[in-house]
Amino acid sequence: MPELPEVETIARGLTARLLGKRLLSFKLNRRDLRNPVPPGLKAKLEGRRVTAITRRAKYILFHFEGGGVLIAHLGMSGRLVLADAGNAPAPHDHAVLGFEGGVELRFNDARRFGLLDYATENDLAAHKLFRHLGPEPLAPEFDGVLLAKLLKGKKTSIKAALLDQRVVAGLGNIYVSESLYGAALSPRRLARTVQGERAIQLAQAIRDVLARAIAAGGSSLRDYVQASGELGYFQHHWSVYGKEGERCPRCDCSIGIKRIVQGGRSTFYCAKRQR
DNA sequence: CTTTCGTCCTGACTGC
DNA sequence: TGCAGTCAGGACGAAA
């Protein structure tokens with residue numbers, strides 16, 4: 001379930017391996033991903049060099065010479081795998097990008113919640129996928145004042161609000177739980193009550209949690225790439241996510257980490273610490 | 001307008 | 001052992 005830190009780590013890892021390389025072949029094995037993959041990618045991308053690999057929200061952007069941008073989203077189960085050309089293809093390799101030097105990038109996604117799309121550099125900001133996205137939480141302009149403004153008047157829970165990509169871009173179920181834990185805010189709290197000092201603390205917690213996860217990803221990236229060619233799935237040390245029943249790492253309460261369901265999604269938190 | 005809910009998909013896991 | 005059932009999650013469109 002790649003969220004912002006995993007996607008950032010993948011983009012950095014791919015940059016190290018693919019920057020400046022020319023795409024020799026683009027092969028699409030199936031078109032019916034989350035959205036239909038647009039036609040004509042092969043003609044638009046083949047023969048071009050990669051000029052940058054960046055991230056926006058949970059999207060990975062492959063920028064090519066001439067202004068074309070291949071957009072990838074990994075959904076739940078998506079992976080980008082670097083392999084030697086000639087290695088046997090794996091099940092669910094939906095797209096295979098062959099680069100000069102004999103390296104292949106394979107888009108593999110069993111559940112097909114992921115997607116591939118295309119835009120030009122000029123159209124990127126106005127693209128359907130990006131038009132309504134909220135601010136990047138690691139951008140300099142993201143702070144408690146901006147977050148308070150985004151949450152003002154919202155009647156949903158703070159959990160649901162942070163999952164909404166129009167409020168903040170790139171957070172998913174895991175890092176929302178972790179951020180709320182960091183800020184000692186209850187996931188049940190109404191979003192509109194997170195103002196002032198609470199918003200400042202939440203914005204800081206979001207940035208801290210994400211920055212730490214990216215740092216952890218970066219430090220494990222080299223070994224992981226060498227081991228398997230698969231990027232971005234590194235060892236995490238989450239405080240509450242998936243820890244139902246375990247002790248809260250920061251207080252002595254006996255109740256432990258609770259799991260509740262909000263909007264059909266699990267939330268993990270310490271009911272004593274988070275108010 | 002805002003908010004909630006159902007839907008897509010399949011591997012991993014649970015329980016009988 | 002085998003099989004049926006449940007769960008997980010991101011994003012979007014429909015419904016309320």
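This short presentation covers one internal cavity and the protein surface around a DNA strand.

Good morning. The structure above is a predicted model, and I will take the interior before the DNA.

The count of cavities of 30 Å³ or more comes to one. The largest cavity holds about 40 Å³ of space. Which residues line the largest cavity? They are Phe62, Leu70, Ala72, Leu80, Leu97, Leu105, Phe107 and Leu116. Two elements each give two or more residues to this lining, namely strand S4, residues 68-73, and strand S7, residues 103-109. In character, the lining comprises eight nonpolar residues, with no polar and no charged ones.

I turn now to the nucleic acid. Around DNA strand B lie His92, Ala110, Arg111, Arg112, Phe113, Lys154, Lys155 and Thr156. How do the residues of the surface near DNA strand B divide? Four are charged, two are polar and two are nonpolar.

On the DNA side, consider the atoms of strand B within 4 Å of the protein: 64% of them belong to sugar or phosphate, and the rest belong to bases.

Three individual contacts deserve mention here. In the side chain of Arg111, an N or O atom is 3.3 Å from a base oxygen of DNA strand B. The side chain of Arg112 instead has an N or O atom 3.1 Å from a phosphate oxygen of that strand. Lys155 contributes through its backbone, where a polar atom is 2.7 Å from a phosphate oxygen of DNA strand B.

To summarise, the lining of the largest cavity has eight nonpolar residues, whereas the surface near DNA strand B includes four charged residues. Thank you.

Notes:
Residues numbered from 1 in each chain as written. Chains lettered and ligands numbered in written order. Predicted model: local features only at pLDDT ≥ 70, side-chain atom pairs only at ≥ 80, totals over all residues. Heavy atoms only, no water. 1 Å grid on protein atoms, 1.4 Å probe; cavity = no way out; pocket = protein on both sides within 12 Å on 5 of 7 lines; lining within 4 Å. Points joined across faces, edges and corners; volume = space filled by probe spheres on them. Helix = DSSP H or I, 4+ residues; strand = E, 2+ residues; numbered from the N terminus. Nonpolar A, V, L, I, M, F, W, Y, C, P; charged D, E, K, R; others polar. Near = heavy atom within 4 Å. Polar contact = N/O pair within 3.5 Å; in protein donor to acceptor, adjacent residues only side chain to side chain.
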